[in-house]
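Reader: I would like a close look at one part of this model. Please take a single residue and go through its surroundings, then turn to the aromatic rings.

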Amino acid sequence: AYGEVWLARSVTGVLRAVKVVWREDYDSESMFERELEGIKRFEPISRQDPGLVDILQVGVNEGDGFYYYVMELADDVERGQEIDPDDYVPHTFTAEMARRSRIDLERCLKDGSILAEALGQMHGHGLIHRDVKPANLMVNRGGILKVTDFGLARSMKAEGPRNPSGARF
């Protein structure tokens with residue numbers, strides 16, 4: 001719910017997504033800083049698993065009160081990798097579900113496996129996502145599911161007590 005995502009073109013002509021998150025949109029400075037820390041912790045591991053969106057750059061503008069990050073772009077929901085900036089609509093799993101009455105079993109198993117491996121990669125680095133939902137799953141490169149939106153990512157150590165099985169709650 002925080003931030004704006006913009007379509008941008010690099011000097012080499014490559015299209016990217018840029019998320020800009022404003023300090024003024026938060027109720028407290030600590031919430032803004034916590035989200036910034038989450039993306040800073042996630043950026044180095046983002047390119048280690050094909051199921052995680054690649055974060056290519058993170059920056060902060062203290063004077064104007066925002067941070068941003070540059071990431072790879074989702075396919076267009078209608079045209080796939082053929083992106084027209086004038087009417088681009090990102091291919092998220094929400095859009096996929098709206099287009100189809102149901103997702104076939106083979107696709108569910110493939111995407112579920114990708115999602116489990118990607119989240120496992122995060123957990124292996126001590127991070128949890130905390131906001132996995134269809135809108136935060138994008139499709140790119142002609143069909144690869146990727147987890148996005150890591151603003152709520154937190155350290156597993158900071159998530160509270162464990163129950164007797166070892167899981168945090």
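Author: Take Asp76, which sits in the loop between β4 and α2 (93-99). The model is predicted. Asp76 has a relative accessible area of 2%. The cut-off for buried is under 20%, so Asp76 counts as buried.

What does the side chain of Asp76 reach? One partner is the backbone nitrogen of Glu78, at 2.9 Å. Another is the backbone nitrogen of Val89, at 3.0 Å. Both distances fall within the 3.5 Å limit for a polar contact.

Now the contacts of Asp76. Leave out residues up to four places away in sequence. Asp76 then touches Glu82, Ile83, Asp87, Tyr88, Val89 and His91. Val89 thus appears on this list, and its backbone nitrogen is also reached by the Asp76 side chain.

Next, the rings. The structure holds three aromatic pairs. One of them joins Trp22 and Phe66, with ring centres 4.8 Å apart. Their planes meet at 50°, so this pair is tilted. Trp22 belongs to strand β2 (residues 15-22), and Phe66 belongs to strand β4 (residues 66-71). The pair therefore ties together parts that are 44 residues apart in sequence.

Are these two rings' residues buried or exposed? Trp22 has 25% relative accessibility and counts as partly exposed. Phe66 is buried, at 15%.

There is also a ring cluster. Ring pairs link Tyr26, Phe32 and Tyr67.

Definitions and conventions: Residues are numbered from 1 along each chain as its sequence is written. This is a predicted model: local features need pLDDT of at least 70, side-chain atom pairs count only at pLDDT 80 or more; totals for chains, interfaces and linings use all residues. Side-chain values use heavy atoms; hydrogens and water are left out. Rings of Phe, Tyr and Trp (its six-membered ring) pair if their centres lie within 6.5 Å; planes under 30 degrees apart count as stacked, over 60 as edge-to-face and the rest as tilted. Helices (H or I, at least four residues) and strands (E, at least two) are DSSP runs, numbered from the N terminus. Buried means under 20% relative accessible area, exposed over 50%, partly exposed in between (1.4 Å probe, protein chains only). A polar contact is a pair of N or O atoms within 3.5 Å; within protein, one must be able to donate a hydrogen and the other to accept it, and residues adjacent in sequence count only if both atoms are side-chain atoms. Contact means heavy atoms within 4.5 Å.
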